[in-house]
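Student: I have a structure open and want to go through its side-chain packing with you. Can we take it piece by piece?
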Amino acid sequence: RILPFYSHNVKHGFYDNRSFLLLFNHQRYYLKNDTQTTFFAIPFYARRWSETENTGSSALLWPFFAWGYNRKSGNFAIHFPWPLVQIEDSISPYLYKRIYFPFYGIYRRENRETFFLTPFYFSLETDTPSFISRYYYHFLIVWYFRRDYLSRPDPSYGWSWRYFKIWPLFQYEYDDRGNVSFNLLSLLPWRDPEGYERLCQPFWTLFEYKRTAEGERRLGIL
């Protein structure tokens, strides 16, 4: 290395990497059945390709404009420009992405799906062997969350949990362990599991009711 002008790092049969002025980088990796080459002129242009043509990608002003493919995984991606437009497909692992931020987007990966249509609707759905969850938002005003546990109960929420909120009018939360909470009004425009909203609730709460699985009861008016 003669930094910052030049560097050369080589391991015969494994890789051969060179760098000029820390801005121009050329890398070559010798894989079992292929050779992969990368050229990167920071930040203007980048290209990666393999001799078998199983993979390839290019970028301009990385990471804003990029596209590429991988035939082994069935992957194809376009970011033009990132993060506003993201299009990607993959067979293994399964992936489907169409994002045109901030207006529309859908993202599916294995057992999870995210969808948004700004500002009308947003959803996050997850299905796993241990739990099923659904999070829905409408206009960022109406919130509905639910989670059901399949293999074993959650220490905090039991087998099922629900949360419903119309901001800023009220929020309602309960689970099958016997925990219930209701507040009118609720000024924070998100769920507050840490309890910060409770610190200032006496200034604006019209009605409050809470019941816990441990036997606590609380009722408040004005």
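Student: Where is Trp67 placed?
Tutor: This is a predicted model. In it, Trp67 sits in strand β7, residues 65-70.

Student: Is Trp67 buried, exposed or partly exposed?
Tutor: Trp67 is partly exposed, with a relative accessible area of 36%.

Student: Which residues make the nonpolar surface patch of about 790 Å²?
Tutor: Trp67 is one of them. The others in the patch are Phe44, Tyr45, Leu60, Leu61, Phe64, Phe80 and Trp82.

Student: Now the inside. Which residues form the largest nonpolar core?
Tutor: That core has 6 residues, namely Tyr135, Tyr137, Trp143, Phe145, Trp161 and Tyr163. Strands β14 (131-138), β15 (142-149) and β16 (160-166) each supply at least two of them.

Student: What is Tyr163 in contact with, leaving aside neighbours within four places in sequence?
Tutor: Its contacts include Trp143 and Phe145, along with Tyr144. Tyr163 also touches Gln171, Tyr172, Glu173, Trp190 and Arg191.

Student: Lots of rings there. Which residues form an aromatic cluster with Tyr163?
Tutor: The cluster joins Tyr163 with Phe122, Tyr135, Tyr137, Trp143, Phe145, Tyr157 and Trp161.

Student: And how many aromatic pairs does the count come to?
Tutor: The count is 28 aromatic pairs. One of them is Phe40 with Trp62: the ring centres are 6.1 Å apart and the planes stand at 80°, so the pair is edge-to-face.

Student: Why does that angle make the Phe40 and Trp62 pair edge-to-face?
Tutor: Planes over 60 degrees apart count as edge-to-face, and the planes of Phe40 and Trp62 are at 80°.

Student: Which parts does the Phe40 and Trp62 pair tie together?
Tutor: Phe40 belongs to strand β4 (residues 35-41), while Trp62 is in the loop between β6 (55-60) and β7, so the pair links parts that are 22 residues apart in sequence. Phe40 counts as partly exposed, at 22% relative accessibility.

Student: Switching to charges. How many salt bridges are found in the whole structure?
Tutor: The search finds 11 salt bridges.

Student: How far apart are the closest N and O atoms of Arg18 and Asp16?
Tutor: They are 3.9 Å apart in that salt bridge. Arg18 is partly exposed at 32% relative accessibility, whereas Asp16 counts as buried at 19%.

Student: Why is Asp16 called buried at 19%?
Tutor: Because the cut-off for buried is under 20% relative accessible area, and Asp16 has 19%.

Student: Which residue does Asp89 bridge to?
Tutor: Asp89 pairs with Arg98, and the closest N and O atoms are 3.0 Å apart. Here the acid, Asp89, is partly exposed at 25%, and Arg98 is buried at 18%.

Student: What about Glu113, which partner does it have in a salt bridge?
Tutor: Glu113 bridges to Arg108, with the closest N and O atoms 2.9 Å apart. Glu113 is partly exposed at 25% relative accessibility, and Arg108 is partly exposed at 28%.

Student: Which residues do salt bridges that share partners join into one network?
Tutor: Arg146, Asp148 and Arg162 are joined that way.

Student: A few single residues to finish. Where is Phe115 found, and is Phe115 buried or exposed?
Tutor: Phe115 is in strand β12, residues 112-117. Phe115 is buried, with a relative accessible area of 18%.

Student: What does Phe115 touch, not counting residues up to four places away in sequence?
Tutor: Phe115 touches Tyr104, Gly105 and Ile106, and also Tyr121, Phe122 and Ser123. Tyr104 is 11 residues from Phe115 along the chain, and their C-alpha atoms are separated by 7.8 Å.

Student: And Asp127, in which strand is its place?
Tutor: Asp127 is in strand β13, residues 121-127, and is partly exposed at 34%. Leaving aside neighbours within four places in sequence, Asp127 is in contact with Asn111, Ile132 and Arg134. The C-alpha atoms of Asp127 and Arg112 are 6.5 Å apart, with their positions 15 residues apart in sequence.

Student: Last one: where is Ser73 found?
Tutor: Ser73 is in the loop between β7 and β8 (75-79). Ser73 counts as buried at 18% relative accessibility. Beyond neighbours within four places in sequence, Ser73 is in contact with Ser90, Ile91 and Ser92.

Terms used:
Residues numbered from 1 in each chain as written. Predicted model: local features only at pLDDT ≥ 70, side-chain atom pairs only at ≥ 80, totals over all residues. Heavy atoms only, no water. Core = buried A, V, L, I, M, F, W, Y, C linked by side-chain atoms within 4.5 Å. Buried < 20%, exposed > 50% of the residue type's maximum accessible area, 1.4 Å probe, protein only. Helix = DSSP H or I, 4+ residues; strand = E, 2+ residues; numbered from the N terminus. Contact = heavy atoms within 4.5 Å. Patch = residues over 30% accessible without salt bridge, like charges linked within 9 Å, V, L, I, M, F, W, Y side chains within 5 Å. Areas by Shrake-Rupley, 256 points an atom, 1.4 Å probe, with all protein chains shown as cover. Salt bridge = Lys/Arg side-chain N within 4 Å of Asp/Glu carboxyl O. Phe/Tyr/Trp six-rings, centres within 6.5 Å; stacked < 30°, edge-to-face > 60°.
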